[in-house]
Amino acid sequence: MVKEHAVNTKRDIRVVKDDDGRVRAICKGVTDEGDHNEKTDQVGTSSSMSAKGKGVLVKNVGGRGKKTDPDLHKCPWVLLLSFHKASGSWIIKTLVNEHSCLQSRKIYSCTATFLSKKLGEQIQENPKIPVRAVQEQFQRRFDQKISMMKAFRAKTTAMEQLHGDFSSQYGKLRDYVDELIRANPGTTVKLEVEAATDPTSPVRKFKRIYVCLGSLKQGYKAIGRELLGLDGAFLKGPFPGQLLTAVGLDPNNGIYPLAYAIVEAETMLSWSWFLQCLADDLDLGINSNYTFISDRQKGIIPALQKVFPCAEHRFCLRHILENMKQQYKGKIYKDTLWKLAKDTTVVHFQKDMDALKEVNSEAHLWLSKIPPQHWSRSHFSGRAISDVLLNNMCEVLNSKLLDGRDKPIITMLEFVREYLTRRIVNVLRVIDKSKGLLTPYATKLMESIKRDANRYIAKWNGGDHYQVSSAQGSQYVVNMGTRTCACRSWEITGLPCRHAVAAIRCMSQFGEEHGSPESYADHVYRMERWKQVYSHKVFPINGMSEWSKSQVPTAIVPPAYHKPIGRPKKARKRSRVELEEGTGAGGSKAGKTMTCGKCKKKGHNRRSCKGQEQTG
């Protein structure tokens, strides 16, 4: 209260004595020269003020046993409080509420700690408020000179008070795990600590934590797609670590996060541990033919070979392109790589590889060293029911979790859980507005396939087989009994290809029983499956004050950390492809044609949109 009064009145009031029974505060404000001389004369003639305890002109007014020159502090303001034991309250014994000093814009009590207490609610509503805005806000409110560093410290302290200290949250991690499992039945949480050199030690260093919420586990199993994207991202707090994620694709081809973990680093051991946790949750054996896609992070390839030796491992094509551009630059190599990746038959793949060899034999040799089953659709199996070539599913999740990666560990885990909760609610709103047999993504794709099917003619052999050809000379065989096509697109994606749609239309000409082309799509794209997946909800948990105390006798402490030299990096390092193409955060837009986000036309942006005709 004394500090609050000092800042509000712009007086340099300081507490000079503070113990269990007494509090003494005086004003150390600066007076003008005339007033200073007048008060100096009073020092030699007056003794009544000191006898009455008004305290500013005697030698020992500094408190805490320090001697102070009485000529330095001439303002008569003084406050003396004492604790009344009988009533259990503090009583004002002396108060001289008069000032002879000048008001100041630099008050001792206006500290970063004091200012942080005024930011609590605002930080909770707007944690991204700029430091400059905090500085200007306090300067207007208190009419004080606030430096940028003081505003920064105030915001940092307020964030720590809101989210908790980075070190202290490790000690409450076991309590959080118990509360999370209690609120979300079926949830798997695995917490590992470093092996202690002294078994009798009451503390253990944090090592890893794995979380798979029970509702997400049930929802993912309901999808029926044996596909998972794997990725890791750096933590940006004071302690080292990586956030590992496993993300699937839902029936609408949107992301469906399954599990996440905080580990010490991206190594073979940490990835093997994460994959083994996934295997336990999904009931996968060592011979499981699952499909994984990743950016080929350090240690993930040998880890997959160890845990899932029979799995199909796809490499993100963008990662291969970045490596290729280091040696072979030019649009021709990029277009050729994408063409090879999109080929759905081995015959077409081999022809395009021979064409690359004619352009550059060294580039052909470099690409041949990467087995095509890792990056080309021509060598993909149909088990995943997806032709995805990029690990965008994990990139999307990482972008959503970016703001949570610099927070304390429990706050970070809660940031992930709360995002997953909001995402399910947002998808449910889209589901309520969607109609039809298939999901919106599958419906849109089928419309495009049906338009392409108009260029094909199907001929029936009287059984299950159809010969489908086009005017350009291409010809494929469609087997409606096994629901396959020689182009392999139906087998890979689970959606009827254009050749199959032409065969379905031919069936109606001969009176064969058939449904709409959409009815031949895999059930993974059905609206009923989509609703079933998102019928599993993530449940909220109680606040930290309501958590029960863990019965584990040892306490968890944060991992060891050596602070690196220089300012911590916040922004992600852009890849070579992003730097050359000007994409990604901060990328250049020079030489590119804008597309309006409002009318979807080119040549202008949303701000300058006036409903004009398309240009360019």
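1. Which helix is Arg-423 found in? Arg-423 belongs to helix H18, residues 409–433. Bear in mind as you read on that this is a predicted model. Despite its charge class, Arg-423 is buried, because its relative accessible area is 13% and the cut-off for buried is under 20%. Setting aside neighbours within four places in sequence, Arg-423 contacts Asp-250, Gly-254, Ile-255, Tyr-256, Pro-257 and Tyr-534. I'd have a look at that set in the viewer.

2. Now the overall picture. The chain has 616 residues, and 46% of them are buried. Its secondary structure comes to 23 helices and 16 strands. If you take the contacts between residues at least 6 apart in sequence, 63% of them join residues at least 24 apart.

3. Helix H9, residues 173–183, is mostly covered, with 8 of its 11 residues buried. The buried ones are Leu-173, Arg-174, Asp-175, Tyr-176, Val-177, Glu-179, Leu-180 and Ala-183. Which elements cover them? The cover includes helix H8 (168–171), strand S5 (188–193), strand S6 (203–212), strand S16 (555–557) and H18. H18 is the helix that holds Arg-423, so those two points are best read together.

4. Next, the H15/H16 pair. The axes of H15 (residues 346–359) and H16 (residues 361–368) come within 5 Å and cross at roughly 135 degrees. That angle makes H15 oblique to H16, because the roughly antiparallel class needs an angle over 145 degrees. From H15, the contact uses Met-353, Leu-356, Lys-357 and Val-359. From H16, it uses Ser-361, Ala-363, His-364, Leu-367 and Ser-368. By class, the contact residues split into 5 nonpolar, 3 polar and 1 charged.

5. Ala-363 deserves its own entry. It sits in H16 and is buried, with a relative accessible area of 0%. Not counting residues up to four places away in sequence, Ala-363 touches Tyr-328, Tyr-333 and Leu-356. Leu-356 is one of the H15 residues in the helix contact. Ala-363 and Gln-327 are 36 residues apart along the chain, and their C-alpha atoms are separated by 8.4 Å.

6. On the strand side, take Leu-81, found in strand S3 (residues 78–84). Buried or exposed? Leu-81 counts as buried, at 17% relative accessibility. Leaving out neighbours within four places in sequence, its contacts are Gly-21, Arg-22, Val-23, Trp-90, Ile-91 and Ile-92. Gly-21 is 60 residues from Leu-81 in sequence, while the C-alpha to C-alpha separation is 8.2 Å.

7. Cysteines: how many disulfides does the structure hold? It holds 0. Cys-487 is in no disulfide, and the nearest cysteine sulfur, in Cys-485, is 3.5 Å away. For Cys-609, the closest cysteine sulfur is that of Cys-596, and the 3.7 Å between them is too far for a bond because a disulfide needs the sulfurs within 2.5 Å. Both cysteines are buried: Cys-487 has a relative accessible area of 6%, and Cys-609 has one of 15%.

8. One annotation to put beside the model. An unreviewed UniProt entry gives "domain: SWIM-type" for residues 476–508. In the model, that span is 48% helix and 18% strand, and its end C-alpha atoms lie 20 Å apart. Cys-487, from the previous point, is buried.

9. Finally, two backbone spots to check. Most residues other than glycine have a negative phi. Lys-10, which is not a glycine, has a positive phi of about 60 degrees. Lys-10 is in the loop between helix H1 (2–9) and strand S1 (13–18), and at 19% relative accessibility it counts as buried, because the cut-off is under 20%. Asp-143 also has a positive phi, of about 55 degrees, and is not a glycine either. Its place is the loop between helix H6 (131–142) and helix H7 (148–163). Asp-143 is partly exposed, with a relative accessible area of 34%.

Note on methods:
Residues are numbered from 1 along each chain as its sequence is written. This is a predicted model: local features need pLDDT of at least 70, side-chain atom pairs count only at pLDDT 80 or more; totals for chains, interfaces and linings use all residues. Side-chain values use heavy atoms; hydrogens and water are left out. Axes are lines fitted to C-alpha atoms, for helices over the stretch in contact, and angles run from 0 to 180 degrees between N-to-C directions. Helices (H or I, at least four residues) and strands (E, at least two) are DSSP runs, numbered from the N terminus. Angles under 35 degrees count as roughly parallel, over 145 as roughly antiparallel, 65 to 115 as roughly perpendicular and the rest as oblique. Contact means heavy atoms within 4.5 Å. Buried means under 20% relative accessible area, exposed over 50%, partly exposed in between (1.4 Å probe, protein chains only). UniProt positions are given in the numbering used here, feature names are shortened, and annotations may be inferred rather than shown by experiment.
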